[in-house]
Amino acid sequence: MSRSIHSALAVCALVLAPAFAQDAAPPPDAAGPPEANAKQDPSVAPVRPTVLGIDVEGQRRYTAKQLADALGQKVGAPLDPNAISRGLKTLWQVFHVRVDHVQYREVFGGLSLLLSVTELPVDLEPRFIGNSEIDTETLRKWALLGDKSELYLYQSARVKQRLIEGYRREGFYFADVEVRVREPGTTPETENVLPDVIFEIREGPQVRVKDVIIKGNVSMPDTGMLFWAGG
């Protein structure tokens, strides 16, 4: 083979090498919203896909529209990750709804979002039984329920502690509260069992301090009385 042929082959290899190297590059990561996968010029702002719909699954008390509106992402507008992040906090803090998963689905012309949610169980009318010395309205104030009726089941332990502290402030030192919680579900007798919280109260006697006895004070004896007491 002549020297000129070797030179021609070397030139062809140099020309084709970049093309083969580009074809062998690994595919982009498929995780996250689609716009994260596109190669963008650092000097140009990325073009975000348009959100064409928001679907919700798992809701019970609230409608899909209520939860989608609370998310903050506008349908027909570009994808806004910051708005979605704020919306997830709003759904938890205001609606007590936990978003288990956000799925980004590619559709013709943009994206569709699917929210999988779990609503925390709530008792719309918690009950107090066993109280005779303290009226129910006062118990509701101690529990910080105020005018609202609903109570989320996870809040029942805090309410129990507030009730016990309230009773002790009134001199019912031996008061105790037992919380009876019924989780939502189904039974053979009925298709749907609603959450239920009952605070069973045992008030006990109202006590007062009659005397204070000090023992073991040898170096500082308790002598005298009232303002003239020594020790």
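From the N terminus on, the protein chain runs α-β-α-α-β-β-β-β-α-β-α-β-β, so colour it by secondary structure to follow along (helices, H or I, of at least four residues and strands, E, of at least two are DSSP runs, numbered from the N terminus). That comes to five helices and eight strands. This is a predicted model, in which local features need pLDDT of at least 70 and side-chain atom pairs count only at pLDDT 80 or more, while totals for chains, interfaces and linings use all residues. Residues are numbered from 1 along each chain as its sequence is written, and side-chain values use heavy atoms, with hydrogens and water left out.

**Stop one: the sheet**

Select 51–57, 97–107 and 110–119. Here β1, β3 and β2 form, in that order, an open sheet with mixed pairing (two strands pair if DSSP finds at least two bridges between them). β1 and β2 are the edge strands, each pairing on one side only. From one strand to the next, the twist averages 20 degrees. Now look at β1 beside β3: the two run parallel and are joined by six bridges. For a landmark, pick Asp55, which stands opposite Leu114 in β3.

**Stop two: the helices on the sheet**

Add residues 64–71, helix α2, which packs on the sheet and touches β1, β2 and β3 (contact means heavy atoms within 4.5 Å). The direction of α2 makes about 125 degrees with that of β1 (axes are lines fitted to C-alpha atoms, for helices over the stretch in contact, and angles run from 0 to 180 degrees between N-to-C directions). Next, add 81–93: helix α3 also packs on the sheet, touching β2 and β3, at about 145 degrees to the direction of β2.

**Stop three: Asp80**

Select Asp80, in the loop between α2 and α3. Is Asp80 exposed, partly exposed or buried? Asp80 counts as partly exposed because its relative accessibility is 27% (buried is under 20% relative accessible area, exposed over 50%, partly exposed in between, with a 1.4 Å probe and protein chains only). Not counting residues up to four places away in sequence, Asp80 touches Arg48 and Gln73. Try a distance to Pro49 as well: Asp80 and Pro49 are 31 residues apart in sequence, and 9.4 Å apart in space, C-alpha to C-alpha.

**Last stop: Phe174**

Finish at Phe174, in the loop between α5 (156–169) and β7 (176–182). Phe174 counts as exposed because its relative accessibility is 54%.
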